[in-house]
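Student: Please give me a close look at a single part of this structure. Begin with one helix, say which of its residues are buried, and then follow the connections outward.

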Amino acid sequence: MLLLCIYSLVHVLIQQVKDSVSEKTTGLMRMQFWKKAVEDIYCDNPPHQPVAIELWKAVKRHNLTKRWLMKIIDEREKNLDDKAYRNIQELENYAENTQSSLLYLTLEILGIKDLHADHAASHIGKAQGIVTCLRATPYHGSRRKVFLPMDICMLHGVSQEDFLRKNRDKNMRDVIYDIASQAHLHLKHARSFHKSIPVKAFPAFLQTVSLEDYLKKIQRVDFDIFHPSLQQKNTLLPLSLYIQAWRKRY
């Protein structure tokens with residue numbers, strides 16, 4: 001229960017800063033608040049703020065590494081400009097410093113110190129970041145924003161305007177295919193460590209079930225990012241999560 005609570009708290013405290021601000025100055029002020037809050041937490045003087053207090057309790061109980069929390073905040077701060085990623089590596093770096101850092105913290109909560117688990121967490125975090133970027137593309141397009149890597153778009157002759165107009169031609173699908181393939185590759189790499197990772201670490205990696213579910217769905221619609229079925233929930237996903245947990249796989 002504590003694991004789910006802290007994972008949600010850390011994710012929400014940073015994500016909501018970006019989602020709820022329209023001016024960069026306001027966002028920077030909030031980021032500075034959380035930077036100082038983390039510094040104070042590690043000095044045993046957390047601010048009187050509910051999320052900060054719960055985070056302080058988790059830090060005390062599990063000896064969480066300060067570096068991972070600061071990486072999340074620093075990366076969100078750099079990303080406040082809401083610019084498209086220049087290339088897939090930039091998207092992966094963002095995912096490593098945010099999603100993977102969350103997974104490193106999760107492993108610490110589970111008491112896992114294992115190099116193979118860290119490698120798997122790195123790849124899963126990158127896959128999560130890529131899939132999140134893909135999944136949010138229709139929503140961002142409705143707000144006249146596109147974050148997909150520019151190098152892949154340029155390779156296939158696709159402009160940001162094509163996404164804003166919801167074009168669904170072959171070039172658009174080729175862009176999505178290339179990006180989705182990179183996420184699939186990271187999942188494959190993460191699962192290659194399966195036999196070397198302590199079973200106790202597997203609960204931290206169950207998000208691979210939902211990632212694979214989305215990648216399979218987008219493959220079924222021939223990488224049409226705007227296909228209505230991609231916005232529908234998979235009612236069998238909880239069962240898939242239960243089965244993977246029971247099989248002790250990720």
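Tutor: In this predicted model, the buried residues of α2 are Gly27, Met31, Trp34, Lys35, Ala37, Val38, Asp40 and Ile41. The list includes a lysine, Lys35, and an aspartate, Asp40, beside residues such as Val38 and Ile41. Helix α2 runs over residues 24–41, 18 residues in total. Its end C-alpha atoms are 25 Å apart, and because the expected span at 1.5 Å a residue is 26 Å, the two values agree.

Ile41 also gives a link to α3. Leu55 is 14 residues from Ile41 along the chain, and the C-alpha atoms of the two are separated by 7.8 Å. Leu55 sits in helix α3, residues 50–62. With a relative accessible area of 2%, Leu55 is buried, as Ile41 is in α2.

The cysteines can be dealt with briefly. Cys43 has a relative accessible area of 60% and is therefore exposed, as the limit for that class is over 50%. Cys133, by contrast, is buried at 9%. Is Cys133 in a disulfide or in none? It is in none: the nearest cysteine sulfur belongs to Cys153 and is 9.4 Å away. The cut-off for a disulfide is 2.5 Å, so this pair does not qualify. The count of disulfides for the model comes to 0.

Next comes α4, residues 66–78. Glu75 lies in this helix and is buried, with a relative accessibility of 9%. Leaving aside residues up to four places away in sequence, Glu75 touches Asn93, Tyr94, Asn97 and Thr98. Helix α4 appears again in the second largest pocket, which holds about 290 Å³ of space. Its lining has 14 residues, and the closest to the pocket centre are Lys78, Asn79, Lys83, Tyr85 and Glu90. The elements that give two or more residues to this lining are α4 and α5. Of the contributors, α5 gives the most, with 4 residues.

Helix α5 (88–109) leads on to α10, as α5 is among the elements that cover the buried residues of α10. The others named there are α6 (115–135), α8 (150–155), α9 (160–164) and α11 (208–220). Helix α10 itself has 22 residues, 170–191. It reaches 31 Å from its first C-alpha to its last, close to the 32 Å expected at 1.5 Å a residue. Its buried residues are Met172, Val175, Ile176, Ile179, Ala180, Ala183, His186, Leu187 and Ala190. They cover an arc of only 115° around the axis, so they are on the same side of α10. An α-helix has 3.6 residues a turn, so residues three or four places apart point the same way. On the other side of α10, Lys170 and Lys188 are exposed.

One of the covering elements, α9, holds Leu164. The C-alpha atoms of Leu164 and Ala180 are 19 Å apart, for a sequence separation of 16 residues. Which residues does Leu164 touch, not counting those up to four places away in sequence? They are Gly141, Arg144, Lys145 and Val146.

Thr137 is in helix α7, which covers residues 137–142. At 7% relative accessibility, Thr137 counts as buried, because the limit for that class is under 20%. Its contacts, with the same sequence neighbours left out, are Leu148, Phe163 and Ile225.

Two backbone points remain, both in non-glycine residues. Phe223 has a positive phi of about 60° and is placed in the loop between α11 and α12 (237–246). Lys248, in the segment after α12, also has a positive phi, near 55°. In accessibility, Phe223 is buried at 13%, whereas Lys248 is partly exposed at 47%.

Definitions and conventions. Residues are numbered from 1 along each chain as its sequence is written. This is a predicted model: local features need pLDDT of at least 70, side-chain atom pairs count only at pLDDT 80 or more; totals for chains, interfaces and linings use all residues. Side-chain values use heavy atoms; hydrogens and water are left out. Buried means under 20% relative accessible area, exposed over 50%, partly exposed in between (1.4 Å probe, protein chains only). The expected span of a helix is 1.5 Å times one less than its number of residues. The arc is that of the directions from the helix axis to the C-beta atoms. Contact means heavy atoms within 4.5 Å. On a 1 Å grid over the protein atoms alone, a cavity is a set of points where a 1.4 Å probe fits but cannot get out, and a pocket is an open set with protein on both sides within 12 Å along at least five of seven lines; lining residues have an atom within 4 Å of a point. Grid points are joined across faces, edges and corners, and a volume is the space filled by probe spheres set on the points.
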